[in-house]
Amino acid sequence: PSLPIDPRTLLKTPRHYVIKSVGGGEYSHVGLANELSINVIAGKSVLKQLDLQINIDGIPLFKSTNTSLWPILCSVINSANKEPFVVGIFCGKEKPADAKEFLRDFVLEASDLLKNGLNVEQNIIPVFILSFVCAAPARAFIKGVKSHSGYSSCEKCTVVGEYSGKVI
């Protein structure tokens, strides 16, 4: 039977990550450029550009505790390998207190890649972020807007919600 993961990949798994305190929890930035380079080299095909899809969402770790993970995931959608990989991950008793602080490392690295491209073996490959895929609460959090269930929460109009057992 074939293994879902090549065992040689596990041998190259980093043993140590930098973990820092961020907004009521801990955050580790694994990195975007390094993972993209691995993806391009492993794909053994020359891509003219990298089209990225980013996912950010909160995941409860256990039913018995409030501990949750907030991973930042990335997928190269124009690559043969569309497996998402971890760019950064937050762990805390609740969601990060400040979206700017939580996303700082990701935004700095992504901005550099969008501006300068990815250097792989002396080739510069342009990088584009095509979409962010997030559940409604995570989307509201990272955009810094009212949650989807609040009054005046529509980002496209000025209609104020009404309460009828719930805000509609």
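**Group meeting: a walk through a predicted chain**

Hi everyone, let me start with one residue: Ser75 is buried, with a relative accessible area of 9%. Ser75 lies in strand β5. Before going on, please keep in mind that this is a predicted model.

So what surrounds Ser75? Leaving aside neighbours within four places in sequence, Ser75 is in contact with Asp51, Leu52, Gln53, Lys82 and Pro84. One of those partners, Lys82, also shows up in a polar pairing: its backbone oxygen lies 2.8 Å from a polar atom of the Ser75 side chain.

There is a second serine a little further along. Ser79 sits in the loop between β5 (68–76) and β6 (85–92). Is Ser79 buried or exposed? With 6% relative accessibility, Ser79 counts as buried, because the cut-off for that class is under 20%. A polar atom of the Ser79 side chain is 3.1 Å from the backbone nitrogen of Asn81. Not counting residues up to four places away in sequence, Ser79 touches Asn39 and Leu47.

Now let me step back to the whole chain. We have four helices and nine strands, and reading along the sequence gives α-β-β-α-β-β-β-β-α-β-β-β-α. Of the 168 residues in the chain, 29% are buried. If you like contact maps, here is a number for you: among contacts with a separation of 6 or more, residues 24 or more positions apart account for 56%. The exposed surface of the chain comes to about 11,300 Å², and carbon and sulfur atoms supply 58% of it.

Next, a residue from helix α2. Leu36 is found in that helix, which covers residues 33–43, and its relative accessible area is 0%, so Leu36 is buried. Which residues does Leu36 touch, not counting those up to four places away in sequence? They are Leu50, Leu52, Val76, Phe85, Leu113 and Leu118. For one of those partners we also have a backbone distance: the C-alpha atoms of Leu36 and Leu52 are separated by 9.6 Å, and the two residues are 16 apart along the chain. You may remember Leu52 from the start, where it was among the contacts of Ser75.

Let me turn to charges. How many salt bridges are there? The count comes to one. It joins Asp105 and Lys20, with the closest N and O atoms 2.8 Å apart. Asp105 belongs to helix α3 and Lys20 to strand β1 (residues 19–22), so the pair ties together parts that are 85 residues apart in sequence. Lys20 itself is partly exposed, with a relative accessible area of 34%.

On to helix α4, residues 136–143. Its buried residues are Ala138, Ala140 and Phe141. Why do they end up on the same side of α4? Because they cover an arc of only 160 degrees around the axis. The cover over these buried residues includes β3 (50–56), β5 and α3 (99–116), so anyone following the helix packing can look at those elements together with α4. Just after α4 comes Gly144, which takes a positive phi of about 70 degrees.

Gly144 brings me to backbone angles, and for this we go to the loop between β7 (118–120) and β8. Glu121 is found there, and so is Gln122. Phi of Glu121 is near 50 degrees, a positive value in a residue other than glycine. Gln122 also has a positive phi, near 70 degrees, and it too is a residue other than glycine. As for accessibility, Glu121 is exposed, with a relative accessible area of 62%, and Gln122 counts as exposed at 72%.

Right after that loop we reach Asn123, in strand β8 (residues 123–125). Asn123 counts as partly exposed, at 48% relative accessibility. Its C-alpha atom is separated by 9.7 Å from that of Val46, and these residues are 77 apart along the chain.

One last stop, on the surface. Ile77, Phe128 and Leu130 make a nonpolar patch of about 250 Å². Leu130 is found in strand β9, residues 127–133.

To recap, I started at buried Ser75, passed the salt bridge between Asp105 and Lys20, and finished at the nonpolar surface patch. Thanks for listening, and I'm happy to take questions!

Conventions: Residues numbered from 1 in each chain as written. Predicted model: local features only at pLDDT ≥ 70, side-chain atom pairs only at ≥ 80, totals over all residues. Heavy atoms only, no water. Helix = DSSP H or I, 4+ residues; strand = E, 2+ residues; numbered from the N terminus. Buried < 20%, exposed > 50% of the residue type's maximum accessible area, 1.4 Å probe, protein only. Polar contact = N/O pair within 3.5 Å; in protein donor to acceptor, adjacent residues only side chain to side chain. Contact = heavy atoms within 4.5 Å. Patch = residues over 30% accessible without salt bridge, like charges linked within 9 Å, V, L, I, M, F, W, Y side chains within 5 Å. Areas by Shrake-Rupley, 256 points an atom, 1.4 Å probe, with all protein chains shown as cover. Salt bridge = Lys/Arg side-chain N within 4 Å of Asp/Glu carboxyl O. Arc of directions from axis to C-beta.
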